[in-house]
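Trainee: Could you take me slowly through one part of this protein, and then show me how that part sits within the whole?

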Amino acid sequence: MNQYFNLNRIINLCKRQILFNRQMLSVGFGTITAFMLIITILCAYFNTKCLSQLINWNLTIIFVSGFLFTSIIFNELRNKSKAIFYLTLPVSNVERLFVAWFLTSPVLVIVLSFILYFINVLGIIISTGSFITVQPFFSLEYFHTLLNYLLIQPIFLLGSVMFKKNNFLKTVLSIILIFMFLIMYAMINARFILGAIGTNIIHINFDQNSFSGINSLYTYSWILLSPFFFIVSYFKLKEKEL
């Protein structure tokens, strides 16, 4: 087991990746913090009602920045000399992949959530002049949305390993094309099935339970697909060593 997964090697690789990417991380987190500070202060002074709606902005920031950071986490593979050095580090590919996921999923989400929380608290204090009126920030809906990020993020991890340039854009384009294919495939199948049983899709009634079932199917599908993307990422990373 130590050959593939060792805690000390993981800790050292985490430190190494943070130090190696410290400039990019500083610029990224600084830009996000400055942008949300400006938006929050403007809302606090001119329209206090929009402060409660900033939660959607916060989640969008986490999703977009998380996917961007994930897309460039394997940037060293783009340069031949850096790739040789990175791939000859005394760590396994399982550890490389785990550290990349760990830094761009739980760590990034936790750090950004607390940064955005304190910015939100600052905005409420500026608008009301009191800390007592601070509203709950971490709700069940908030964590449920973050779960969607954790399930989708492995796709961008795969894109970071697979593509040599424009990883983020190519991954987004790939997702769009896959979804278009799946939608067309489902529509064609529905047309044949409903046509065979003599039913028109217009006359099908969808109740709340139907949409709840579709949402559950969507979640379970991503839960099953996430490990698949990790496995493919592992083998793509292994190919880089050849």
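Mentor: Before looking at the part itself, we need one cut-off: a residue counts as buried when its relative accessible area is under 20%, as exposed when that area is over 50%, and as partly exposed in between. Please keep in mind throughout that this is a predicted model.

Let us look closely at the stretch where helix α6 gives way to helix α7, beginning with Thr171, which has its place in helix α7. Thr171 is buried because its relative accessibility is 2%, and that is under the 20% limit. Setting aside residues up to four places away in sequence, Thr171 touches Ile155, Phe156, Gly159 and Phe163.

Phe168 is also found in helix α7, which covers residues 167-196, but its relative accessible area of 23% makes it partly exposed. With residues up to four places away again left out, Phe168 touches Phe67, Leu68, Ser71 and Phe156, and Phe156 is also one of the residues that Thr171 touches. Between Phe168 and Leu157, which stand 11 residues apart along the chain, the C-alpha atoms are separated by 9.8 Å.

Asn166 lies in the loop between α6 and α7, and with a relative accessible area of 51% it is exposed. Its backbone also deserves attention, for Asn166 has a positive phi of about 50° although it is not a glycine.

On the other side of that loop, helix α6 runs over residues 140-162, and its 23 residues should span 33 Å at 1.5 Å a residue, which agrees with the 34 Å that separates its end C-alpha atoms. Helix α6 nevertheless bends by about 30° at Ile152, and Pro154 follows within four residues.

From here we can turn to the packing. The largest nonpolar core has 23 residues, and those touching the most other members are Ile62, Phe67, Leu112, Leu146 and Tyr149. Helices α2, α3, α5 and α6 each supply at least two residues of this core, and the largest share, seven residues, comes from α6. Tyr149, when its neighbours within four places in sequence are left aside, is in contact with Ile62, Phe63, Gly66, Phe67, Thr70, Thr104, Ser105, Leu108 and Val109. A second core, separate from the one just described, has 18 residues, among them Leu13, Val91, Leu103 and Leu237.

Leu108, one of the residues in contact with Tyr149, is also where α5 bends by about 40°. Helix α5 has 36 residues and reaches 51 Å from its first C-alpha to its last, close to the 52 Å expected at 1.5 Å a residue.

Stepping back to the whole protein, there are eight helices and zero strands, and buried residues make up 36% of its 242 residues. Among contacts between residues at least 6 apart in sequence, 77% join residues at least 24 apart. The accessible surface comes to about 15400 Å², of which 71% belongs to carbon and sulfur atoms.

As for the confidence of the prediction, the protein averages a pLDDT of 81, and 81% of the residues score at least 70. Among the elements, helix α1 (residues 7-20) has the highest mean pLDDT, 92, whereas helix α8 (residues 208-240) has the lowest, 71.

Key:
Residues numbered from 1 in each chain as written. Predicted model: local features only at pLDDT ≥ 70, side-chain atom pairs only at ≥ 80, totals over all residues. Heavy atoms only, no water. Buried < 20%, exposed > 50% of the residue type's maximum accessible area, 1.4 Å probe, protein only. Contact = heavy atoms within 4.5 Å. Expected span 1.5 Å × (residues − 1). Bend = angle between axes of the 7 residues up to and from the residue. Core = buried A, V, L, I, M, F, W, Y, C linked by side-chain atoms within 4.5 Å. pLDDT = per-residue confidence, 0-100. Areas by Shrake-Rupley, 256 points an atom, 1.4 Å probe, with all protein chains shown as cover.
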